[in-house]
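Reader: Got a minute to go through this one with me? Let's pull it up.

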Amino acid sequence: MSELSGREWQGAAERGDLVVLDGFHALKHALRFGADVRDVVAGDPDAVRALAGELAPDVADEVGRLVRRADLRTLLPRVHPTGVAALAVRPDRAAGRARLDRQPRTAPVVVLDNPRNLGNVGAVVRLAAGFGATGVVTRGDLDPWHPNVVRAGAGLHYATTVDRVEIDTLPSGPLYALDPEGEDIRALTLPDDALLAFGSERHGISPELRARADHLVSLPMRPQVSSYNLATSVAMTLFHWGGPRAD
């Protein structure tokens, strides 16, 4: 690992090949899931080493070896309360795509159809990683690797596949689109190779993706309540699918 300059830090988000990991939990998760971490900086490296020993002993030695002292205020627009940040290499897109297309697939892919809120997308990545989903793909102009999405995802972009696709490059598998007019999800069994599609926070599923769907699915909802938060909808659907299998 080489020390990077302030200019390299400030240009990381624009370059696209490096990802800013904001805070200890993002660093911890990225290391656990094999990220190629290029630089770790902290105002107080000893405090970060102590935090790693307390909260993540499995990566504490690696954190201790990587972390160096730096003034984060000169590198970042805002400093995380844990006082640490890192730069890691963005995963290879071709390898991620191969994981999405691998058959038989043992866990669903979450499809976000033109999402608008960066924090919501990051929350969905965290959910997908926690449930063991194969990946999260987005349609539209939002970059799922935007720094604000990565921040909300707490480093768990490295625990699942995250990419942007077009409708004609969706992974294979039966497409289950969440729609108020669909069949009650409680009457369905969601297969492991499903694509689980969720519409935008404002407009719902787009007409083109709705037309492509094999099944329309609805979540139980009290009358006169108009919608759930996007991340809540994804959590309910993944929980119904079943989540990670016990070994």
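Reader: So how many aromatic pairs does a search of the whole structure find?

Author: One, where rings of Phe, Tyr and Trp (its six-membered ring) pair if their centres lie within 6.5 Å. Tryptophan 145 and tyrosine 158 form it edge-to-face, 5.8 Å centre to centre with 80 degrees between the planes; planes over 60 degrees apart count as edge-to-face, under 30 as stacked and the rest as tilted. This is a predicted model, where local features need pLDDT of at least 70, side-chain atom pairs count only at pLDDT 80 or more, and totals for chains, interfaces and linings use all residues. Residues are numbered from 1 along each chain as its sequence is written, and side-chain values use heavy atoms, with hydrogens and water left out.

Reader: Is tryptophan 145 buried or exposed?

Author: Tryptophan 145 counts as buried because its relative accessibility is 8%. Tyrosine 158, at 11%, is buried too. Buried means under 20% relative accessible area, exposed over 50%, partly exposed in between (1.4 Å probe, protein chains only).

Reader: Switching to strands: which strand is joined to β1?

Author: β4 (residues 84-89), by five bridges, and the two run antiparallel. Strands pair if DSSP finds at least two bridges between them; strands here are DSSP runs (E, at least two residues), numbered from the N terminus. Valine 19 sits opposite alanine 88 of β4.

Reader: And how much of β1 is buried?

Author: Four of the five residues in β1 (residues 18-22).
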